[in-house]
Amino acid sequence: MHGRYLATGTGWQLLLLFLPLLTSCSTLTPQTTAVKTVLYKPAAELKNAIATDFELLGRVSVRNENQRFSGNVHWLHTTLEDTILLLSPLGQAVAEINKSDAGVYLVTSKQEVFYARNVEDLTAETLGWRLPLSGLQYWIQGRYSPLSAASVDMDNEDRVVAIRQDGWEIFFPRYYTDLAGQSVIRPKIIELQFEDLSIRMVIDNWAELKQSSDGY
């Protein structure tokens, strides 16, 4: 892992230059007012509750009473692993987070390695704010997590505008739609609130990854 971790940020800076290559043809649609709330129980068969594999590039801003952070994010999610790279606004590596069956660890720009039982505890300890990765892999796609109970607000077109789950409130101010504006593709902006912590993510580029029959 250390061999591919950025020491200078050059590799990811080049990646950010090619953001348009991952952009799909779409337009934006603003959030509308919620007209109904639906309550969901945890899925009975959690083994079938798998988030779609994806790769995204975007921007993130974080604020609580102790911390302020804004920069870029690159997130690769598969059923086997999550790798998240946080970058400064100038493209310098701030931290890399990796979650797999082997565990969870975070590497800082100084090559310091930290381990924890879950991503929330790890980021709270090292960054000063919590990243709710377990739910975020679903929320970032405009879906509630099937792993726990959820309250979901929908508009008159059954589009999700807010989710309340695991102590978090998640809002979807803006979506991408297809060119005809007929169907929602995915969120453009997602805002998360947990006590005094606010996280705002803007998804600039998104690519859905195909899964093989054995999950790879």
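This is a short tour of a predicted model, going from the whole chain to one strand residue, a helix and a cavity.

**Whole protein**

Start with the cartoon of the full protein, which shows 3 helices and 13 strands. Colour by burial next: of the 216 residues, 44% are buried. If you draw contacts between residues at least 6 apart in sequence, 53% of them join residues at least 24 apart.

**Tyrosine 115**

Select residues 113–116, which form strand β8, and pick out tyrosine 115 within this strand. Is tyrosine 115 buried or exposed? Its relative accessible area is 62%, and because the cut-off for exposed is over 50%, tyrosine 115 counts as exposed.

Now show what tyrosine 115 touches. Beyond the neighbours within four places in sequence, its contacts are Val104, Tyr105 and Leu122. Val104 and Tyr105 fall in the range of β7 (103–108), while Leu122 is one of the buried residues of helix α2. For a distance check, join the C-alpha atoms of tyrosine 115 and asparagine 98: the separation is 9.8 Å, with these positions 17 residues apart along the chain.

**Helix α2**

Move from Leu122 to the rest of α2, residues 119–126. Which residues of α2 are buried? They are Val119, Leu122 and Thr123. These three lie on the same side of α2, because the arc they cover around the axis is only 90°. In an α-helix there are 3.6 residues a turn, so residues three or four places apart point the same way.

Display the surroundings of that buried side. It packs against β6 (93–100), β7, β8 and α3 (133–139).

Then look at the two ends. At the start of α2, select asparagine 118 and glutamate 120: a side-chain oxygen of asparagine 118 comes to within 3.2 Å of the backbone nitrogen of glutamate 120. After α2 comes glycine 128, with a positive phi near 90°.

**The cavity**

Finally, turn on cavity display. How many cavities of 30 Å³ or more does the structure hold? There is 1, and the largest cavity contains about 60 Å³ of space.

To see its walls, select Val60, Val73, Trp75, Ile84, Leu86, Trp129, Leu131, Leu136 and Met201. Strands β4 (68–77) and β5 (81–87) each contribute at least two residues to this lining. Colour the selection by residue class: the lining has 9 nonpolar residues, no polar and no charged. Among the lining residues is Leu136, whose position falls within α3 (133–139), the helix already met as a packing partner of α2.

Notes:
Residues are numbered from 1 along each chain as its sequence is written. This is a predicted model: local features need pLDDT of at least 70, side-chain atom pairs count only at pLDDT 80 or more; totals for chains, interfaces and linings use all residues. Side-chain values use heavy atoms; hydrogens and water are left out. Helices (H or I, at least four residues) and strands (E, at least two) are DSSP runs, numbered from the N terminus. Buried means under 20% relative accessible area, exposed over 50%, partly exposed in between (1.4 Å probe, protein chains only). Contact means heavy atoms within 4.5 Å. The arc is that of the directions from the helix axis to the C-beta atoms. A polar contact is a pair of N or O atoms within 3.5 Å; within protein, one must be able to donate a hydrogen and the other to accept it, and residues adjacent in sequence count only if both atoms are side-chain atoms. On a 1 Å grid over the protein atoms alone, a cavity is a set of points where a 1.4 Å probe fits but cannot get out, and a pocket is an open set with protein on both sides within 12 Å along at least five of seven lines; lining residues have an atom within 4 Å of a point. Grid points are joined across faces, edges and corners, and a volume is the space filled by probe spheres set on the points. Ala, Val, Leu, Ile, Met, Phe, Trp, Tyr, Cys and Pro count as nonpolar, Asp, Glu, Lys and Arg as charged, and the others, Gly among them, as polar.
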